[in-house]
Each structure stands twice: as C-alpha cells, then as structure tokens.
Amino acid sequence: MSATPPVRCGAAPATAVIDIDGTVIAWTRAAERLLGYRASDVVGRSGAVLLTPSDHRERLSAWTRQYGHLDRWSGLAEARHSAGHPVMLHLQGHRLTTLEGRPTWVLSARPASMDPTAGSVVEPLIQRSPVAMWIWDRELRCVWRNVRAWALREGSLTTPAADCAPARGNEQIHRVLRKVLADGVPVVDNEVPWPSSDGLGQRTLSVSFFRLEGVDGHPVGVCSLAIDITQSLARERLAMVVEASARIGTSLDVRQTAQELAEFAVPELADYAAVDLVESMLPEEVPLERLGGMDLNVPVFRRAGAASISPGLPESPWDRGEAVFVPPDSPWTRVLSSGHAHFEPELDTSPGTWLDHDPARARTVYDAGMHSLMIVPLRARGETLGVTAFVRSRNPAPFTRDDLVLAEELVVRAALSLDSARRYTRERTAALALQRNLLPRRLSGGGALDVAYRYLPSGAHGGVGGDWYDTIPLSGGRIALVVGDVTGHGINAAATMGRVRTAVRTLAYMDMPPGELLTQLDNLISRLHEQDVGADGAPLPILGSTCLYAVYDPATRRCTMATAGHPPPAVVGPDGRVTFPAGPTGPPVGLNLEATHESFDVELPAGALVTLYTDGLIERREDDLDAGMVRLRTALAGCADLPLERLCTSVIDIMVGGRAAEDDVALLVARTR
C-alpha cells in the first residue's frame with residue numbers, strides 16, 4: 001500500500017477521433033499507452049473493438065442515441081485493454097465537422113485511477129471535501145479515491161486489490177458492493193466501525209454506495225461515500241442517557257425499574273438484555289434453595305427484568321421472577337464478586353469455557369446465535385445489587401468499548417433507582433407491619449352498641465398512613481369511640497399513630513371527660529415530641545394529630561364528644577334524618593399550643609347511627625369539605641338501614657367512587673341498641 005496518494009499524471013490525455021459511423025479515424029500515442037492498441041490496430045475500424053465483445057454493438061448504439069446530437073459531453077466508460085482486461089475511463093467528447101460537412105467526435109480519455117474531475121471546477125471541492133469518496137470498477141477494484149479517503153486508508157474500505165475496509169468488515173463490504181453493482185439500488189447510511197489513527201480507539205463512519213453508469217447506460221462501477229459520524233453518535237448516546245433518566249425508575253417498584261432498564265436497552269444497544277437481582281433486593285420472596293451438589297457460595301439471582309427483539313424471549317431460559325443459578329467460574333460470578341464489568345465482544349463458545357458448566361445458557365447461546373456479550377454490575381452506595389447482561393445475536397456488529405461505557409452509564413442510573421426502590425420497599429414493608437400491629441384487629445361495642453369499621457389505604461402513599469380507629473370499654477357499661485389522623489404518611493406517621501392511640505387508651509382508663517382527655521393528650525404528645533431527636537441530634541419533625549373522642553352511656557342514651565381539629569361526626573336518627581353535631585372544636589394535639597378542648601353532648605335514641613371518619617372520606621381535590629359532607633349526608637341517608645358491614649362498604653363505594661383514595665380513609669360506625 002502506498003504511503004501517499006499517487007501523483008496526478010501531467011501528460012496529455014489519450015485522444016481518438018471517430019466519425020458518425022463510429023469508425024476510428026485518428027489515434028494518438030497516449031491512447032496507445034493507455035489501452036495497448038497501436039494506431040494500425042484500430043484506425044479504420046469500428047470503435048466497438050475497444051468495448052467488451054459480448055455487447056459492443058448495443059453499447060455503441062446506446063452511446064450514439066444518448067450523446068450523438070450533443071456538441072460536448074463527459075462521463076465514465078469501460079474500455080477493453082488489448083490484453084483483455086477492462087479499464088474504467090473518464091471520457092470527454094467534442095463534436096467537430098469535417099470539410100465535407102460530416103460530423104466527427106474528438107474523444108479525450110484519462111484512466112479513472114487518476115482524478116475523474118481533473119480540469120473541472122469541482123475538483124478542489126471533491127478533493128478537499130470532508131466526505132471520503134472511492135470509485136470501484138466492475139471487478140470491485142478501488143481505482144480512485146479523494147484526499148479524505150486517503151486520510152482514512154488505515155483499516156478502511158479495502159478489497160483484495162486495494163486497501164479500503166475494516167478487518168472484520170471486508171466480506172460485508174464486498175457483498176454490498178456486489179449487490180449495488182448488480183441491482184443498482186443504492187445503500188445509504190450503513191454504519192461501519194473504523195479504527196482511529198492512533199489505534200487506541202474507534203470511530204464510526206456512515207457509508208453509502210451507489211452504482212456508476214457509463215455513457216452507454218451500462219454499469220461501470222460503484223462509488224462509495226463515507227462521513228465520520230463519531231461525534232454525532234456521541235451526541236445520540238448522550239441523548240440516550242438523558243432519556244434513560246426519564247424512562248428508568250418511574251416508580252418505586254424494584255421489578256418495574258429492572259424491567260424498564262431491560263426494555264430501554266433493547267434494541268438501541270442490545271438485541272437482548274436481562275436484569276438479575278440478588279435475593280436481598282426482593283425480601284418478600286420465598287428464600288431460594290441452592291441446587292443440589294453445587295457450591296453453597298454459588299450466587300443466586302432472581303430474573304427481575306428481561307427484553308428481546310424477538311417475541312417470547314427465546315434468549316432467556318428463565319422467566320421473570322424465577323431463580324437464576326450460575327456456576328462459580330461464570331462471568332456472572334466474577335462480575336458479582338469483583339464489581340467490574342465483563343466485556344466479551346466475541347463470545348468464546350469453544351469447548352473448555354465456563355459454558356461447559358452452564359448447559360442451560362450454553363443451549364441458549366447456540367440456539368439464539370449470541371456472539372457478543374457485556375455483563376455490568378448493578379452497584380449503588382457501595383453495594384452490589386445484581387447484574388445486567390447485554391447480548392447481540394441478530395446485530396452482526398460486536399459490542400465496542402463505547403457500547404460498554406454507555407451500558408455502564410445506563411446501569412449506574414438504574415442502580416440508584418433500584419436502591420431507592422429497595423429502601424422505599426423496606427420502609428413500606430416495615431411501616432405496613434407496624435401499622436397492622438398497631439391497629440385493632442377486632443372491635444367491640446360491648447352490650448351498648450353494634451359496631452363496624454373499614455380502613456382504606458391511600459393509593460398514592462403505598463398504604464401506609466397515620467389514620468386509626470378504636471373502641472374502648474369503660475366502667476358502667478359505657479363505650480368510647482375514637483377516630484384519629486396523624487399528619488403525613490410512612491413509618492414515622494405509623495409510629496406516631498401507635499403512640500397517640502396508646503396514649504388515648506391510657507387516658508381513657510382514667511375516666512376523664514372527652515374534653516379533658518384531649519387536653520391531657522395534647523400535653524403528653526407535645527412532651528414526647530420534645531424528646532424526639534434524630535441520629536444527628538437534631539429534633540425530628542413534629543407530627544400533629546386530629547382526633548374525635550366520644551363516650552356513649554347506654555343508661556342515659558347520651559354521647560359526650562370532644563374534637564381536636566377533626567371533622568364532626570354524622571348522626572342518623574331513627575327517622576332517617578342526617579345531622580352533623582357541631583360542638584366546640586379545639587386544635588390538633590401534639591403541636592404544643594397549650595390549648596384546651598371542650599366537651600359537648602348528643603342524644604342518641606335506640607336505633608340511632610353515629611358515624612366517625614377521617615377527612616380522607618370527604619376530601620377531593622376538586623371539592624371543598626362542605627361539598628364532601630353533603631355527599632356523605634346523601635350516602636348515609638340512602639343506606640342507613642343496611643346491616644353495618646354492608647353499610648360501611650356502600651358508604652366507601654359511594655364516597656370514593658371506585659378510584660384510588662387520595663388519602664387514607666378510616667370509617668367507624670355504631671348503632672345504638
């Protein structure tokens with residue numbers, strides 16, 4: 001291979017003169033040097049002798065029809081050397097008229113291996129263009145290239161006769177060239193990996209191919225154009241990373257986040273992607289048993305996410321949620337233990353590799369035609385959460401180092417989302433367990449009341465809130481009814497709810513009137529809040545609580561109530577009339593406001609219904625509380641005669657309307673006997 005482009009020959013072009021019948025009437029020495037014919041071989045004979053034998057007459061006729069009436073023209077043509085091989089020429093024709101008035105043409109020819117634009121105003125544009133250009137003859141020999149193509153000659157579009165393609169892409173380029181030459185259909189924007197000039201990196205070229213046709217309309221070769229799109233590719237991948245931030249981690253669900261990662265990678269980066277998480281990421285699953293006879297240290301995963309360009313996930317021996325076992329010498333094990341990615345652009349499937357000990361994966365590798373593999377650890381905050389595998393099967397291009405960088409960036413972002421989802425899941429699981437243990441499992445109205453209740457968690461907060469309800473038997477056959485709502489959601493709200501509920505029960509056994517009980521409750525919870533500090537010694541946020549406390553005495557049919565920032569109770573009389581008794585309302589408890597709370601009395605005859613609830617039952621974003629209470633009045637009026645269990649269900653259905661509750665809902669109903 002030459003180190004520099006060939007010097008353009010400064011000699012005069014080969015020249016011949018033909019008459020209107022196509023007979024050669026003049027032939028120069030330059031023409032003899034170019035094509036090997038002496039003047040005595042061609043002068044006086046048809047110019048068809050210079051063309052390939054099989055179709056020379058048809059080609060000469062086609063040329064006459066196309067250019068015979070023009071005074072000047074230029075184009076490519078394929079001539080036959082006297083030695084028998086074809087020569088691609090750049091021809092220029094000029095029309096002349098002899099003294100006898102007969103038209104003739106002067107043909108000037110240069111080999112296409114010299115610049116076909118020589119002498120043209122476009123020559124400097126083509127030679128200095130950032131677009132690399134090559135011309136190939138019908139035998140797919142590279143006969144010309146511009147300066148940019150010479151600059152790319154290292155590892156470029158080569159054939160056996162020239163030096164122009166990547167080492168692995170030689171036959172691929174040949175197939176494209178042959179196809180374009182045969183059918184004339186251009187191939188546009190074909191990405192080709194390209195070694196950088198320093199040999200340490202790789203660029204990406206967008207290569208297009210189109211057929212060249214001679215002056216007679218027959219194909220004479222192919223032209224290829226290449227543009228370096230490495231920077232464009234970098235911008236595309238930056239856009240992918242930005243898009244990944246929006247599409248991966250859209251929820252605080254571990255499985256959904258894993259699936260979002262797999263789906264995002266396919267098909268932009270891989271033909272198949274799988275996300276396997278360690279057991280600790282899915283604590284609610286039943287612990288996995290080790291395979292018999294295998295090392296107890298073999299890592300165990302669960303398949304949390306998978307995506308493929310092929311329907312049915314043929315590349316995955318395991319469905320989502322199933323256990324995934326790997327042998328000790330597999331790259332999955334090494335990635336998990338080392339925390340470093342495994343990069344295998346050409347997957348080694350020869351005997352003696354780790355695939356011998358992983359028959360399930362081996363069968364899949366062979367059946368799916370997997371040929372390139374990347375395995376990237378999912379790490380966040382110093383802990384390995386699992387691994388993500390990226391595979392190519394249909395895409396013939398192997399993974400590159402740039403692909404690995406992109407995969408690692410995507411996995412880092414996904415790992416942070418997965419870790420956040422895991423932490424949320426752990427807190428939610430703990431909060432739910434705490435809430436379940438703190439809420440009463442069974443309520444009793446004693447001999448005075450029939451009671452029923454419902455608790456509907458919010459659809460927006462994972463079912464963990466600070467709403468509670470309770471009934472407390474008191475002396476003299478009396479019964480206390482309580483409903484409360486701690487500000488906020490999550491484990492802190494659930495813990496505060498348990499604290500407040502316990503305090504209410506403790507104070508209730510001291511037989512205080514409802515107003516005094518809420519005043520003492522406020523003082524007690526405020527003092528407890530003052531003692532609450534975080535791990536850093538800073539005070540924890542104060543969570544106030546609303547509360548409605550009522551004591552029903554069956555002997556007097558009187559219900560004494562007090563409220564601390566809570567919605568009023570609804571009372572349905574035996575006549576079906578619904579009222580909302582309005583007594584003095586004090587502030588929520590636990591805010592250290594040093595306020596007092598007052599009691600008020602409501603008469604409850606036999607068969608009366610009293611309803612206590614939290615504000616989640618009557619609140620809607622589009623309505624105010626008054627509108628919610630009107631809806632509650634209508635709901636109770638329509639179903640007050642139902643059995644209490646059915647009444648609770650009907651009220652919830654009417655008020656919430658089948659949609660996810662915007663806030664937690666606690667409902668406690670009692671009917672006097």
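Reader: What is pLDDT, and what does the chain average?
Author: pLDDT is the predictor's confidence in each residue, from 0 to 100. This model is predicted, and 86% of its residues score at least 70. Over the whole chain, the average pLDDT is 83.

Reader: Over which residues is the pLDDT below 50, and how many contacts does the stretch have beyond near neighbours in sequence?
Author: Look for residues 155-169, where the pLDDT is below 50. Another such stretch is residues 290-297, where pLDDT stays under 50 and the model has 10 contacts beyond four places in sequence. For residues 155-169, the number of contacts beyond near neighbours in sequence is 47.

Reader: How many helices and strands are in the chain?
Author: The chain has 673 residues, and 50% of them count as buried. Among contacts with a separation of 6 or more, 61% are between residues 24 or more positions apart. As for helices and strands, the chain has 15 helices and 27 strands.

Reader: In what order do the 5 strands of the open sheet lie?
Author: Start with the pairing, which is antiparallel in this sheet. The edge strands, each pairing on one side only, are β2 (24-27) and β3 (72-80). Neighbouring strands are turned by 30° against each other on average, direction ignored. From one edge to the other, the order is β2-β1-β5-β4-β3.

Reader: Which residue is the bridge partner of I18 in β2?
Author: Strand β1 covers residues 14-19, and 3 bridges join β1 to β2. These two strands run antiparallel. Within β2, the partner of I18 is V24.

Reader: How many of the 9 residues of β15 are buried?
Author: Strand β15 spans residues 372-380 and is mostly covered. To count as buried, a residue needs under 20% relative accessible area. In β15, the number of buried residues is 8.

Reader: Which strand do 9 bridges join to β15?
Author: Strand β15 also pairs with β14 (residues 342-344), in the antiparallel sense over 3 bridges; there, E344 has L373 of β15 as its bridge partner. The strand joined to β15 by 9 bridges also runs antiparallel to β15, and in that pairing R379 is matched with T384. The strand in question, covering residues 383-392, is β16.

Reader: Which residue in the turn of the β15 and β16 hairpin has a positive phi?
Author: Strands β15 and β16 form a hairpin with 2 residues between them. Most residues other than glycine have a negative phi. In this turn, the phi is about 55°, and the residue is R381.

Reader: Which residues of helix α9 are buried?
Author: Helix α9 runs over residues 331-338. Its buried residues pack against β11 (272-278), β14, α10 (359-368), β15 and β16. Just after α9 comes G339, with a positive phi of about 80°. The buried residues of the helix are P331, W332, T333 and V335.

Reader: At what angle do the axes of α14 and α15 cross?
Author: Helix α14 covers residues 625-639 and helix α15 covers residues 644-656. Their axes come within 10 Å, and the crossing is right-handed. The angle is roughly 145°.

Reader: How do the residues of the contact of α14 with α15 divide into nonpolar, polar and charged?
Author: On α14, the contact is made by G628, R631, L632, A635, L636 and C639. On α15, the contact uses L647, S650, V651, I654 and M655. Together they divide into 8 nonpolar, 2 polar and 1 charged.

Reader: Where is P267, and what is the omega of the peptide bond from V266?
Author: P267 is found in the loop between α8 (254-265) and β11. Most peptide bonds are trans. The bond from V266 to P267 is cis, with an omega near 5°.

Reader: Why does L313 count as partly exposed?
Author: L313 lies in the loop between β12 (300-308) and β13 (323-325). Although L313 is not a glycine, its phi is positive, at about 50°. Partly exposed lies between the buried limit of 20% and the exposed limit of 50%. L313 counts as partly exposed because its relative accessibility is 26%.

Reader: What is the relative accessible area of R557?
Author: You can find R557 in the loop between β20 (545-553) and β21 (558-564). Its phi is near 60°, a positive value in a residue other than glycine. R557 is partly exposed, and its relative accessible area is 28%.

Definitions and conventions: Residues are numbered from 1 along each chain as its sequence is written. This is a predicted model: local features need pLDDT of at least 70, side-chain atom pairs count only at pLDDT 80 or more; totals for chains, interfaces and linings use all residues. Side-chain values use heavy atoms; hydrogens and water are left out. Axes are lines fitted to C-alpha atoms, for helices over the stretch in contact, and angles run from 0 to 180 degrees between N-to-C directions. Helices (H or I, at least four residues) and strands (E, at least two) are DSSP runs, numbered from the N terminus. A crossing is left-handed if the near helix is turned anticlockwise from the far one by less than a right angle, and right-handed if clockwise. Contact means heavy atoms within 4.5 Å. Ala, Val, Leu, Ile, Met, Phe, Trp, Tyr, Cys and Pro count as nonpolar, Asp, Glu, Lys and Arg as charged, and the others, Gly among them, as polar. Buried means under 20% relative accessible area, exposed over 50%, partly exposed in between (1.4 Å probe, protein chains only). Two strands pair if DSSP finds at least two bridges between them.
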